[in-house]
Amino acid sequence: MPLLNVTLSGAPDDALAHAVASRLAALTRDILHKDPAVTAVQIAFVSEAHWFTAGRALADKGTRSFALDVIVTDGTNTKDEKAAYLAAVHAAMGRLVPGLDAESYVLVREVKADAYGYGGRTQEARYQASRLAAGAAAA
């Protein structure tokens, strides 16, 4: 049940937002093994004149960029999975966003299960409920 917060440089573009949301959700499913039924993606756009890398506005450099902040439950992915995810996201975004600046960022933020959730329940509560259900089924 990850939450993907994506910021893209450029003017709002519904088609691009849809393509990015779809591709990132698929990569999150395939590499981080997250259930797409509970994956949320938020996309915001920032003008290239207001996005700076190495002290220069992207508008001046003629490039575009993105920043992705993915929130997942702590301990649910390996270092290798996270590394593969970062590489795959950057490659996919390079195909979706022409002129992608190398200084485009991905952060996989791992948060404790008792501090993260949806629908008013923490991931820890969901885990405990599933353990209880598994124990009752085995009895």
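In what order do the strands of the open sheet stand? The points below take that up first, then turn to a helix and a single serine.

1. The model is a predicted one. Its open sheet has 4 strands in the order S2-S1-S5-S6, and the pairing is mixed. S2 and S6 (105–111) are the edge strands, each with a single partner, so each has one side without a neighbour in the sheet. On average, neighbouring strands are turned by 15° against each other, direction ignored.

2. S1 (residues 3–9) and S2 (residues 40–46) are paired in the parallel sense, with 7 bridges between them. Between these two strands the chain passes through helix H1 (residues 14–32), and the resulting β-α-β crossover is right-handed. Within the pair, Thr7 has Ala44 of S2 opposite it.

3. The length of H1 fits its residue count: 19 residues at 1.5 Å a residue should span 27 Å, and the end C-alpha atoms lie 26 Å apart, which agrees. At the N-terminal end, Asp13 acts as a cap, with a side-chain oxygen 3.1 Å from the backbone nitrogen of Ala15. After the helix comes His33, which has a positive phi near 60°.

4. The buried residues of H1 are Leu16, Ala17, Val20, Leu24, Ala25, Ala26, Leu27, Thr28, Ile31 and Leu32. An α-helix has 3.6 residues a turn, so residues three or four places apart point the same way. The list includes Leu16, Val20, Leu24, Leu27 and Ile31. Among the elements that cover the buried residues of H1 are S1, S2, S5 and H3.

5. Helix H3 (residues 79–96) lies across S1, S5 (66–73) and S6, and runs at about 145° to S6. H3 is also part of what covers the buried residues of H1.

6. Is Ser9, a residue of S1, buried or exposed? Ser9 counts as buried because its relative accessibility is 0%, the cut-off for that class being under 20%. The side chain of Ser9 comes to 2.8 Å from the backbone nitrogen of Ser65. Neighbours within four places in sequence aside, the contacts of Ser9 are Phe45, Val46, Glu48, Trp51, Leu58, Arg64 and Ser65. Of these, Phe45 and Val46 fall within S2, which covers residues 40–46. Ser65 therefore appears both as a contact of Ser9 and as the residue whose backbone nitrogen the serine side chain reaches, with the burial of Ser9 resting on its 0% accessibility.

Notes
Residues numbered from 1 in each chain as written. Predicted model: local features only at pLDDT ≥ 70, side-chain atom pairs only at ≥ 80, totals over all residues. Heavy atoms only, no water. Buried < 20%, exposed > 50% of the residue type's maximum accessible area, 1.4 Å probe, protein only. Polar contact = N/O pair within 3.5 Å; in protein donor to acceptor, adjacent residues only side chain to side chain. Contact = heavy atoms within 4.5 Å. Pairing = 2+ DSSP bridges. Right-handed = clockwise from strand over helix to strand, strands pointing away. Axes fitted to C-alpha atoms, helices over the stretch in contact; angles between N-to-C directions. Expected span 1.5 Å × (residues − 1).
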